[in-house]
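Please open the structure in a viewer and keep the sequence panel visible. The tour below proceeds by selection, one stop after another.

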Amino acid sequence: MSKVLLNVMTDNHHKRRRFLTSNADDDDIISNFPEDLINPILERLPVKDAVRTSVLSKRWRYRWTTMRKLDLIHGFSGQFLKIGAFSCHGFTRVISQIMIHHQGPILTFLLHIPKEIVLDSFQEVDQWMLILSRNNVRKITIVNLNLIYQIPYSVFSCLELTALGLNKCIFKPPLAFKGFPNLQVIILTNVNFGVNLGGTVINLPQLKGLILYGCGNVNNFNIKAEKLQNLCVTGCPDANAMVLQLLHSEHLNSVHICRLSRSIKDFSQVKRFSFTIDGYFLKILAAEKFPNSLPHVVQCLQELEFTSFSFGDLNQFQGALCMLRNSPNLKGLRVTHMLMGQEADLQLTSNYLESPDCLDQTLLMLQTVEMTSLEGSRPELLFVKLLLDCCPHLENMIIQPKSTIDAEKKAQHCKGCFDVPTSLTKSKSGLLGSGAIIL
């Protein structure tokens with residue numbers, strides 16, 4: 001009897017071991033995934049957690065070292081700030097260890113350098129860039145909030161780059177640099193382009209999107225981008241020459257220009273679909289002594305937007321009407337009003353808008369007008385009436401008052417928009433069709 005019981009217990013023990021082993025294998029399904037599935041999973045984890053997977057088992061010890069994306073952005077640097085590790089020895093040492101132990105290509109590299117981290121120099125960062133240049137990197141983003149960082153020459157040898165984002169850096173390529181043959185998107189914020197490169201042209205044959213915010217010495221950034229589609233330049237006071245050259249791109253369909261030091265006079269070969277400019281640009285345009293017309297008519301412009309536009313600034317109005325006169329194929333107009341300051345002269349702009357030769361041209365193609373953040377001032381209402389009078393094919397006019405305006409003032413605004421001469425109302429009633437003035 002005891003012998004039978006012993007055999008039964010032994011059989012049960014072996015079955016239990018097989019059951020536990022089988023369950024353990026089933027639970028670790030992820031280890032049996034192919035590499036092209038495991039890598040994306042690791043890359044979606046914070047770098048710290050991805051590195052921690054090395055303690056799971058021998059098979060996982062070096063899994064993290066093959067990640068093709070290293071995200072060292074805000075979440076990563078925030079860990080150091082949380083524990084008060086402000087010294088460079090903590091921040092740079094950890095990243096250096098990650099870079100040294102990494103194996104295989106790094107396709108995407110995202111780095112955030114917070115202002116709280118004490119850096120004696122950027123020597124370690126230069127070493128990271130050197131490692132990237134040897135690993136076929138495709139995307140680099142450096143969000144630098146520390147001391148200004150001069151991009152090392154090794155970055156300019158990353159010819160596989162498709163996207164580049166820099167903040168608070170000095171962009172000074174070597175004289176022998178010809179360009180990035182595969183770069184498609186550039187986003188530069190507070191970047192200085194250093195001294196003159198002696199007329200060297202940077203070829204960017206695949207570039208489709210260029211965004212510049214608050215950059216300096218942009219006149220030294222001489223690029224050739226024949227496939228450029230989207231251009232955004234804001235707060236770059238000396239970017240006029242570069243912008244003018246890029247406006248001639250045959251594929252350009254969207255332009256956003258704000259806060260340049262001078263306006264751009266020559267629009268003769270501009271081939272684009274939409275154009276966004278701010279009130280400051282319009283003010284400069286009027287100040288350059290040709291408020292009635294530009295040197296050349298802009299035939300291809302179909303969408304025009306005025307941002308930060310003040311209805312109390314005569315110069316801005318003159319610049320805006322100048323753009324309208326010279327855009328015969330314009331189909332859509334959008335105006336975003338900004339809060340008028342004490343310098344606003346409503347009477348002066350009202351008198352100008354009431355003059356018979358204010359806009360002595362019919363806008364035959366204009367179909368849609370959208371005006372937002374209006375305050376209900378007299379110049380605003382006169383501008384609405386002016387557009388109704390000069391746009392025979394207008395289909396939709398959307399007027400959105402400022403959100404802080406009370407209901408009574410909105411009602412007055414609505415009444416003012418419809419308070420037009422009877423003959424004008426009749427001439428527009430059939431043409432507006434299903435269009436609406438929305439308050």
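The stops that follow begin with the whole chain and then turn to individual strands, helices and residues.

**The whole chain**

This is a predicted model, in which local features need pLDDT of at least 70 and side-chain atom pairs count only at pLDDT 80 or more, while totals for chains, interfaces and linings use all residues. Residues are numbered from 1 along each chain as its sequence is written, and side-chain values use heavy atoms, with hydrogens and water left out.

Display the chain as a cartoon. The chain has 13 helices and 18 strands; these are DSSP runs numbered from the N terminus, helices being H or I runs of at least four residues and strands E runs of at least two. Of the 439 residues in the chain, 43% are buried. Here buried means under 20% relative accessible area, exposed means over 50%, and partly exposed lies in between, with a 1.4 Å probe and protein chains only. Among contacts in the chain with a separation of 6 or more, 61% are between residues 24 or more positions apart; a contact means heavy atoms within 4.5 Å.

**Strand β2 and its partners**

Select residues 108-113, which form strand β2. Six of the six residues in β2 are buried, so the strand is largely enclosed by the rest of the structure. Show the side chains: Thr108, Leu110 and His112 point one way, and Phe109, Leu111 and Ile113 point the other way. In a regular strand the side chains alternate between the two faces of the sheet.

Add strand β1, residues 69-72, which pairs with β2 in the parallel sense over four bridges. Two strands pair if DSSP finds at least two bridges between them. Asp71 is found opposite Leu110 of β2. Next, add strand β3, residues 139-144, which runs parallel to β2 and is joined to it by six bridges. Which residue of β3 is the bridge partner of Phe109? The partner is Ile140. Between β2 and β3 the chain passes through helix α6, residues 123-133, in a right-handed β-α-β crossover. Right-handed means that, with the strands pointing away from the viewer, the path from the first strand over the helix to the second runs clockwise.

**His102 and Ser96**

Select His102, in the loop between α5 (88-101) and β2. Is this residue buried or exposed? With a relative accessible area of 10%, His102 is buried. A polar atom of the His102 side chain lies 3.4 Å from the backbone oxygen of Gly104. Measure also from the C-alpha atom of His102 to that of Ile131: the two are 29 residues apart along the chain and separated by 9.7 Å.

Then move to Ser96 in helix α5. Ser96 is buried, with a relative accessible area of 18%. Not counting residues up to four places away in sequence, Ser96 touches Glu124 and Trp128.

**The nonpolar core and helix α11**

Select Leu210, Phe306 and Phe383, the residues with the most contacts inside the largest nonpolar core, which has 99 residues. Such a core is a set of buried Ala, Val, Leu, Ile, Met, Phe, Trp, Tyr and Cys residues joined through side-chain atoms within 4.5 Å. Helix α11, residues 378-390, supplies the largest share of this core, seven residues. Centre the view on Phe383; leaving aside neighbours within four places in sequence, its contacts are Phe311, Phe317, Leu321, Val335, Leu353 and Met371.

**Helix α10**

Select residues 346-354, helix α10, where Thr349, Ser350, Tyr352 and Leu353 are buried. Seen down the axis of α10, its buried residues fall within an arc of 160°, so they line one face of the helix; the arc is that of the directions from the helix axis to the C-beta atoms. The cover over these residues includes α9 (314-325) and α11.

**Strands β16 and β17**

Select β17, residues 396-401: Met397, Ile399 and Pro401 form a covered face, whereas Asn396, Ile398 and Gln400 form an uncovered one. Strand β16, residues 368-374, runs parallel to β17 and is joined to it by six bridges. Thr372 has Gln400 of β17 as its bridge partner. The chain crosses from β16 to β17 through α11, again as a right-handed β-α-β crossover.

**Two residues with positive phi**

Finally, select Asn217, in the loop between β9 (209-213) and β10 (223-224). Phi of Asn217 is near 55°, a positive value in a residue other than glycine. Ser308, in strand β14 (residues 303-309), is not a glycine either, and its phi is about 50°. Asn217 is partly exposed at 30% relative accessibility, and Ser308 is partly exposed at 37%.

Technical notes: A polar contact is a pair of N or O atoms within 3.5 Å; within protein, one must be able to donate a hydrogen and the other to accept it, and residues adjacent in sequence count only if both atoms are side-chain atoms.
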